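Hello,

Here is the structure I promised to pass on to you. Have a look at it first, and then read my notes below.

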Amino acid sequence: MRWYLSFLCIAAFFIEYGFTRLTPDFIHPCPIDNKPCLMQSTIDAIPYFTMGIPDLGVPSIDPFYIDRLTIPLSGLKIAFFNGKVTGFRKAVIDNVESNFAKRKFGLEFHSNVTLKGGYEATGRVLTFPINGEGEAKIKITNLKMKVMMNLDTKSDDKGVNHLYVKNYKYNLGYGDKVHYNLTNLIKDSPELSRTLLQFMNDNWKLVSEEFGKPVVDYATELALRTIEKFFLAVPYEELIEGPIPSFK
Ligand SMILES: *[C@@H]1O[C@H](CO)[C@@H](O)[C@H](O)[C@H]1NC(C)=O
Ligand SMILES: *[C@@H]1O[C@H](CO)[C@@H](O)[C@H](O)[C@H]1NC(C)=O
């Protein structure tokens, strides 16, 4: 009887700890380079993954918070603070590419994204002198993004295998419309502030190309580091079905 009980205890231990997947249930593993599976798996994971996985130390991407982001541009210094970016949980996945032998992965999506927060700006936008401080709300309709990643695998000090992001690059399209609402762009001049804001919205494409990149660089870096935190928290065997091809 006693050996039987201890057997049960050991079995229970292994069920509890030994074979427990670390990866949350919303992540569905896929065979290598199986595009339909990867596509569906990504679609399934996005609404949950973007909320963050506190148990694994993976922070939220929607919302994600910008404590302070200073963008030094020629002639203009702009800082966002207490910023909140929302929208990525409703991202539509357009394509997933995978070439595991080359450790290359691509993700293409579009999403409506809103940034809200405080801002300060001094300098010039085109010919307008800016000296403002107020609230910013920037709404991007159908932001399009394609991220290409070079991944690789490594084992941690416990011998557990992980994927990690070696490097990445991205292409960006500002989509159908960027709507700017920044209050008090020119201090003590509501009239000029309104005129400038109108100008920014009439020329949203130009303005976005001028100012968008540093913000998107920052957001992308943060999102990729978040994905990497997830990779480093779970063994890659839980993400990939079957053996990993060697590097070519
Ligand atoms: C973004 O918003 C527009 C207009 O509100 C809507 O037509 C479009 O389907 C939305 N896109 C996504 C990816 O949710
Ligand atoms: C801009 O935001 C302010 C509040 O921050 C609001 O009162 C105003 O109506 C908004 N303007 C537009 C054009 O959305």
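Which cysteine forms a disulfide with Cys30? The partner is Cys37, and the two sulfur atoms are 2.1 Å apart. Please keep in mind throughout that this is a predicted model. A search of the whole structure turns up 1 disulfide. The angle about the S-S bond between Cys30 and Cys37 is -90°, which makes the link left-handed. The two ends can be described separately: Cys30 has a relative accessible area of 3%, so it is buried, as the cut-off for that is under 20%. Cys37, at 23% relative accessibility, counts as partly exposed because it falls between the 20% and 50% limits.

Next, the interior. The largest nonpolar core has 68 residues, and those with the most contacts inside it are Phe80, Tyr180, Leu185 and Phe230. As general background, nonpolar side chains in soluble globular proteins tend to be buried together. I looked further at Phe80: leaving out residues up to four places away in sequence, Phe80 touches ten residues if you go through the list, among them Leu69, Ile71, Leu115, Tyr119, Ile138 and Val215. Polar or charged residues are on that list too, including Asp67 and Arg68.

Leu69 also turns up beside Tyr218. Tyr218 sits in helix H4, which covers residues 204–233. Beyond its neighbours within four places in sequence, Tyr218 is in contact with Phe64, Ile66 and Leu69. Tyr218 and Leu69 are 149 residues apart along the chain, yet their C-alpha atoms are separated by 8.3 Å. Tyr218 is partly exposed, because its relative accessible area of 27% lies between 20% and 50%.

Now to the ligands. Around ligand 1 you will find Val92, His110, Asn112, Thr141 and Asn142. An N or O atom in the side chain of Asn112 is 2.3 Å from an oxygen atom of ligand 1, while the side chain of Asn142 places an N or O atom 3.0 Å from a nitrogen atom of the ligand. On its own, ligand 1 has 370 Å² of accessible area, and the protein covers 44% of it. Strand S5 (104–125) and strand S6 (128–155) are the elements that give two or more residues to the shell around ligand 1.

Ligand 2 is surrounded by His179, Asn181 and Thr183. A polar side-chain atom of Asn181 lies 2.4 Å from an oxygen atom of ligand 2. Taken alone, ligand 2 exposes 360 Å², of which the protein buries 29%.

Happy browsing, and best wishes

Technical notes
Residues numbered from 1 in each chain as written. Chains lettered and ligands numbered in written order. Predicted model: local features only at pLDDT ≥ 70, side-chain atom pairs only at ≥ 80, totals over all residues. Heavy atoms only, no water. Core = buried A, V, L, I, M, F, W, Y, C linked by side-chain atoms within 4.5 Å. Buried < 20%, exposed > 50% of the residue type's maximum accessible area, 1.4 Å probe, protein only. Contact = heavy atoms within 4.5 Å. Near = heavy atom within 4 Å. Polar contact = N/O pair within 3.5 Å; in protein donor to acceptor, adjacent residues only side chain to side chain. Areas by Shrake-Rupley, 256 points an atom, 1.4 Å probe, with all protein chains shown as cover. Helix = DSSP H or I, 4+ residues; strand = E, 2+ residues; numbered from the N terminus. Disulfide = S-S within 2.5 Å.
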